Amino acid sequence: MNKIFKHIPVICGIIFLLMIIISVGSAWASGVHLYDLGISFSAYVGLSRTISAIYFCAAVVMIIMLAYYVAKTKMPLIKRIIYAVILTDLFGTAFFPYNFFSEAPTARSINWHNNFAICMMLASTVLFIITAFTSKSKTQRAVSIISIIYSAAFIVMYFLRFGLMFRTFFIWENLFIVLLLLAFQTEQNENATIESETEV
């Protein structure tokens, strides 16, 4: 694998971080939701139709890169399917932000966005569980176990509408994305382990 290919998840993480800076920075510079960590990243994106369009383009670039990464990385078919579901959900959340099709948020776009986001959260959790039980790489397994604990706490607090979580939802949500990108990145550890065993 060449150097660029190995760092695709990291590159996508940098793109995502830039979008966070742009969307949140734009809102705070305008005095909107100033220092508010209680709303989601997507809500910040949805405050501006222009930024919604920019994020959609950025998301498409990330999806294409990650889809190529998954296609070229050795892994079980079930994991490829789950990654495909996750990337489809990512596309859905970007295609249905809060105001891409209108000047103000609509109930339909918000509902579609939330449905895709919840599906991505649940699919990611299933991915973490499968990886924890099937991975031969200690690093990948450790990351997966940490991710399972985090996602379990996230899901329980999300559906129970836990107050503390929703006052800092922006942080919780983005940490979940970081763990998902780590899941992509650690697929290389699994491959390294398999190649090592094959050589022996």
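Helices are DSSP runs of at least four residues, numbered from the N terminus. In the predicted model described here, Ile22 lies in one such run, helix H2, which covers residues 8–29. Ile22 has a relative accessibility of 39% and therefore counts as partly exposed, since that class lies between 20% and 50%. Together with Val10, Ile14, Leu17, Leu18 and Ile21, Ile22 makes a nonpolar surface patch of about 530 Å².

The protein as a whole contains 10 helices and 0 strands. Read from the N terminus on, its elements follow the order α-α-α-α-α-α-α-α-α-α. Along the principal axes, the C-alpha atoms fill a box of roughly 60 × 35 × 25 Å. The radius of gyration is 17 Å, which agrees with the value near 16 Å for a compact globule of 200 residues. Of these 200 residues, 44% count as buried. The exposed area of the protein is about 10,500 Å², and carbon and sulfur atoms supply 72% of this area. When contacts between residues at least 6 apart in sequence are considered, 69% join residues at least 24 apart.

Helix H6 comprises 28 residues, from 107 to 134. At 1.5 Å a residue, a span of 40 Å is expected for H6, and its end C-alpha atoms are indeed 40 Å apart, so the two values agree. Buried positions occur along H6 at Ser109, His113, Phe116, Met120, Met121, Ala123, Ser124, Thr125, Leu127, Phe128, Thr131 and Ala132. The partners against which the buried residues of H6 pack are helix H3 (41–45), helix H5 (77–95), helix H7 (138–159) and helix H9 (169–185).

Helix H9 also holds Asn174. With a relative accessibility of 10%, Asn174 counts as buried, because the cut-off for that class is under 20%. Leaving aside residues up to four places away in sequence, Asn174 touches Phe16, Ile20 and Phe41.

Side chains of opposite charge can pair when their charged atoms come close. A search of the whole structure finds 1 salt bridge. In a salt bridge, the side chains of Lys79 and Glu187 meet at 2.8 Å, N to O. This pair links distant parts of the chain, with Lys79 in helix H5 and Glu187 in helix H10 (residues 187–199), 108 residues apart. Lys79 is buried, at a relative accessible area of 2%. Glu187 is likewise buried, with a relative accessible area of 1%.

Backbone geometry was examined in the loop between H2 and H3, where His33 is found. Most residues other than glycine have a negative phi. In His33, however, phi is near 50°, a positive value in a residue other than glycine. His33 has a relative accessible area of 34% and is thus partly exposed. Tyr35 lies in the loop between H2 and H3 as well, and its phi, near 55°, is also positive in a residue other than glycine. The relative accessible area of Tyr35 is 62%, and Tyr35 is therefore exposed, as this class begins over 50%.

Technical notes
Residues numbered from 1 in each chain as written. Predicted model: local features only at pLDDT ≥ 70, side-chain atom pairs only at ≥ 80, totals over all residues. Heavy atoms only, no water. Helix = DSSP H or I, 4+ residues; strand = E, 2+ residues; numbered from the N terminus. Expected span 1.5 Å × (residues − 1). Buried < 20%, exposed > 50% of the residue type's maximum accessible area, 1.4 Å probe, protein only. Contact = heavy atoms within 4.5 Å. Salt bridge = Lys/Arg side-chain N within 4 Å of Asp/Glu carboxyl O. Patch = residues over 30% accessible without salt bridge, like charges linked within 9 Å, V, L, I, M, F, W, Y side chains within 5 Å. Areas by Shrake-Rupley, 256 points an atom, 1.4 Å probe, with all protein chains shown as cover. Rg over C-alpha atoms; globule rule 2.2 N^0.38 Å.
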